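Visitor: I have a model open in front of me and would enjoy a walk through it. Could you show it and take my questions one by one?

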Amino acid sequence: MSHLPTHIDFRANTQHVPPHMPPSVQKATTKFLGNRASLVELLGAAQWAALRQAGHDIRWHGITHLDRYLTQLEEQVTRAGGHVHWARDAAEARQIVLDIAQQHNVKSVVKVKSMATEEIDLNHALHDNGIQALETDLGEYIVQLAGVGPSHIIVPAVHLTKEGIADLFHEKLGVDAPPDPIKLAAIARSRLREAFLSAEMGVSGANFMVAETGTIVLVTNEGNGRMCTTLPPLHVAVVGIDKVVPDWESLTVLLKLLARSATGQKISTYTSFITGPRRVEGESGPQEFHLVLLDNGRTRILKDEVARQTMLCIRCGACLNVCPVYNNVGGHAYGWVYSGPIGSILSPQLLGTQVAADLPFASSLCGACADICPVKIPIPDVLLRLRHRVVEGDHVEGPTAPPIIRAAAEVGTTAFGLPGLYRFGSSVLNVIQAPLRRDGWLPDLPPPLNRWTMARPFPAFDNDFRAWWRARAYDKQAPREDRRKIGLALIVAGLLAVVIGRLFRRKDGSR
Ligand code: SF4
């Protein structure tokens, strides 16, 4: 059975954020941002800008030529002795992995951290079929023990304190666990080592897939990725089709951008390249290698010329680190595996706006995410595009906002388009707001507008802008300085008009 969400209520989720969570998250994100800033400074602003542009161009070329590069990738993986499977959606992908596991009589699986397998809810599917899947990335191991999903793309347990993890280990593993990160890691390591040696199948995702050689690339900071992909006799990689890149030259650019943007490292501790299964007996590596290419809504995302830029993402997590909303509500408020700004644009497109209509609105549109994104995804533009989809519908999906919101949007559009109606509306608002007004603010609006005033007051409508402008321009009491500046500006404009007029007459040859 799948545990995919059927409805995400972002606002309700934010009500359950534990008090310790924002400080834990902010401590980690501040550190990542600081490390990243130092490395960008070291490289120089011009070099970094050029690298970002190159990364953007490579990703854009890749996602707009998926047919070419995925076909090439399939040929190369097959030539290297691997098997390629195509999954249209999450259910198909789960079934493919299950079939492979059952054909090989697999009972235990070790996993590398992978957003694609989180996306298809693979662990529950394996568990429901009697197969134990153990996460081996330390953060994923912790959130699996806690029975929750990851709260950050690259740091799954970022919302937890060391004291919380110690309590969790004590409760779930029955060990005396001190709140010391080194000792906690040692406890996890001793448990995981046994699992690496006994598992019959390793499951991973991939950060990239190189079409020219059929190589999948895993970027990690723990050695677990190599253990999972070399010790068990069977390796299955589930990877989104958007992860394909043309060649090794392109990969070099993206690896530089990924490590610096994610954790502020020049290069991650482990970068593994896997091309098919082992070639000869005695060589390290699995006897069989399967690559499951996951669509699950990605080709639908490509249909929209603005929203398709979401597919450029290399899952570095920098937009989460810099986002003021994410830093205050944490990843679980986003209701699914992808959180922060990338979650706000990716989840509604993968799950549909019927399920995740709230998420494009879970942003202040400050633009910090677009400024930091290493592949230059204009996230605020995509958010606005998706807001439009939710309210008015487009060629990808029909409108999903409640009828009252859509009616209010229609009224707003009409009112702003007709100056007379706008002026009349402004005057009526002045009267309506009078009983609610307190010192120039509206602190307590009635539903549905109280969703705003529950968090902060709304500024009262003072007058319409045109009336204010007219009053200001003709006010006999305006400061003398203002009138002097206006006079000067008029004289300069007059002189310019005379000079330009003369120049034109000369050009014409007229007197
Ligand atoms: S949207 Fe950009 S910043 Fe955010 S995770 Fe993706 S690549 Fe990184």
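Visitor: Let me start with R385: what is its relative accessible area, and which class does that give?
Guide: Happy to begin there, with the reminder that this is a predicted model. Buried means under 20% and exposed over 50%, with partly exposed in between. R385 falls in that middle class, partly exposed, and its relative accessible area is 27%.

Visitor: Which side chain does R385 meet in a salt bridge?
Guide: R385 lies in helix 19, residues 379-392, and its partner is in the loop between helix 13 and helix 14, so the pair ties together parts that are 81 residues apart in sequence. The N to O distance is 3.1 Å, inside the 4 Å cut-off for a salt bridge. That partner is buried, with a relative accessible area of 0%. The side chain that R385 meets is that of D304.

Visitor: How many salt bridges does a search of the whole structure find?
Guide: The pair of R385 and D304 is a salt bridge, and so is the pair of R278 and E281, at 2.9 Å from N to O. E281 counts as exposed, at 67% relative accessibility. For the whole structure, the search gives 10.

Visitor: Where do D242 and R315 lie, and how many residues apart in sequence are the parts they tie together?
Guide: Their side chains meet in a salt bridge, with 3.8 Å from N to O. D242 sits in the loop between strand 7 (234-240) and strand 8 (244-245), while R315 belongs to the loop between helix 13 (298-301) and helix 14 (318-322). The pair therefore ties together parts whose separation in sequence is 73 residues.

Visitor: Are D242 and R315 buried or exposed?
Guide: The cut-off to keep in mind is 20% relative accessible area, under which a residue is buried. D242 has 2% relative accessibility, and R315 has 9%. By that cut-off, D242 counts as buried, and R315 counts as buried.

Visitor: Which residues do salt bridges that share partners join into one network?
Guide: D242 and R315 meet in a salt bridge, and both belong to the network. The shared partners bring in E119 and R298 as well. The network is thus made of E119, D242, R298 and R315.

Visitor: What is the phi of R315?
Guide: R315 is not a glycine, yet its phi is positive. It is placed in the loop between helix 13 and helix 14. L365 also has a positive phi without being a glycine, at about 60°, and lies in the loop between helix 17 (353-356) and helix 18 (368-372). For R315 the value is about 55°.

Visitor: How do the residues of the shell around the ligand divide into nonpolar, polar and charged?
Guide: The shell includes cysteines, among them C313, C316, C319 and C373. R315 is also one of the residues around the ligand, and Arg counts as charged, whereas Cys counts as nonpolar and Gly as polar. The division is 10 nonpolar, 1 polar and 1 charged.

Visitor: How many disulfides does the structure hold?
Guide: A disulfide is a covalent bond between the sulfur atoms of two cysteines. Cysteines do occur around the ligand, including C313 and C373; C313 is buried at 8% relative accessible area, and C373 is buried at 7%. A disulfide needs two cysteine sulfur atoms within 2.5 Å, and the number found in the structure is 0.

Visitor: Which residues form a nonpolar patch on the surface with F424?
Guide: F424 lies in helix 21, residues 419-432, and is exposed, with a relative accessible area of 55%. Patches are made of residues with over 30% relative accessible area, so F424 passes that cut-off with its 55%. Together the patch has about 460 Å² of accessible area, and the residues that join F424 are L418, L421, V428 and I432.

Visitor: To finish, what share of the residues in the protein is buried?
Guide: The protein has 24 helices and 12 strands, and its C-alpha trace spans about 95 × 65 × 45 Å along the principal axes. One buried example is I345 in helix 16 (residues 340-351), with a relative accessible area of 0%. Of the 511 residues in the protein, the buried share is 47%.

Methods: Residues are numbered from 1 along each chain as its sequence is written. This is a predicted model: local features need pLDDT of at least 70, side-chain atom pairs count only at pLDDT 80 or more; totals for chains, interfaces and linings use all residues. Side-chain values use heavy atoms; hydrogens and water are left out. Patches are made of residues with over 30% relative accessible area and no salt bridge: like charges are joined within 9 Å, nonpolar side chains (Val, Leu, Ile, Met, Phe, Trp, Tyr) within 5 Å. Accessible areas come from the Shrake-Rupley method with a 1.4 Å probe; for residues, only the protein chains shown count as cover. Helices (H or I, at least four residues) and strands (E, at least two) are DSSP runs, numbered from the N terminus. Buried means under 20% relative accessible area, exposed over 50%, partly exposed in between (1.4 Å probe, protein chains only). A residue is near a molecule or strand if one of its heavy atoms lies within 4 Å of it.
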